[in-house]
Amino acid sequence: LHDGEYLRSYYELVGEGKGHLAIGGEIVPIHWAREAQDQPFTFTLEDGTPVTLGVGRTYIAVASEKATTTYE
């Protein structure tokens with residue numbers, strides 16, 4: 001969506017999906033879920049273990065499933 005000066009993407013972030021978490025020098029697959037727009041996200045490892053985010057800043061990026069993502 002182009003709103004004049006900026007090109008923006010809008011995603012429906014209610015429901016559930018898959019993702020990746022960078023933690024402790026590793027990239028691990030995760031599952032996310034969110035019941036409603038006014039509810040917090042929950043993150044779990046593939047085996048269902050809840051993910052506890054550390055104290056401090058957390059950065060969450062959202063990308064299309066069609067996007068190519070690389071990391072080193």
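## A three-strand chain

Read along the sequence, this predicted chain follows the pattern β-β-β. It has three strands and zero helices; both are DSSP runs numbered from the N terminus, with strands (E) of at least two residues and helices (H or I) of at least four. The radius of gyration, taken over C-alpha atoms, is 14 Å, well over the 11 Å that the globule rule gives for 72 residues, so the chain is more spread out than a compact globule. That rule is 2.2 Å times the number of residues to the power 0.38. Buried residues (under 20% relative accessible area, 1.4 Å probe, protein chains only) make up 14% of the 72 residues.

Residues are numbered from 1 along each chain as its sequence is written. In this predicted model, local features need pLDDT of at least 70, while totals for chains, interfaces and linings use all residues.

**The hairpin.** Strands S1 and S2 run antiparallel, joined by nine bridges; pairing takes at least two DSSP bridges. Alanine 22 stands opposite isoleucine 27 in S2. Two residues lie between the strands, and glycine 24 takes a positive phi near 60°.

| Strand | Residues |
|---|---|
| S1 | residues 15-23 |
| S2 | residues 26-34 |

**The largest pocket.** Its volume is about 1200 Å³. Of its 33 lining residues, the closest to the centre are Lys18, Gly19, His20, Ala61 and Val62. A pocket is an open set of 1 Å grid points where a 1.4 Å probe fits, with protein on both sides within 12 Å along at least five of seven lines; lining residues have an atom within 4 Å of a point. S1 gives the largest share of the lining, nine residues.

Notes
Predicted model: local features only at pLDDT ≥ 70, side-chain atom pairs only at ≥ 80, totals over all residues. Heavy atoms only, no water. Points joined across faces, edges and corners; volume = space filled by probe spheres on them. Buried < 20%, exposed > 50% of the residue type's maximum accessible area, 1.4 Å probe, protein only.
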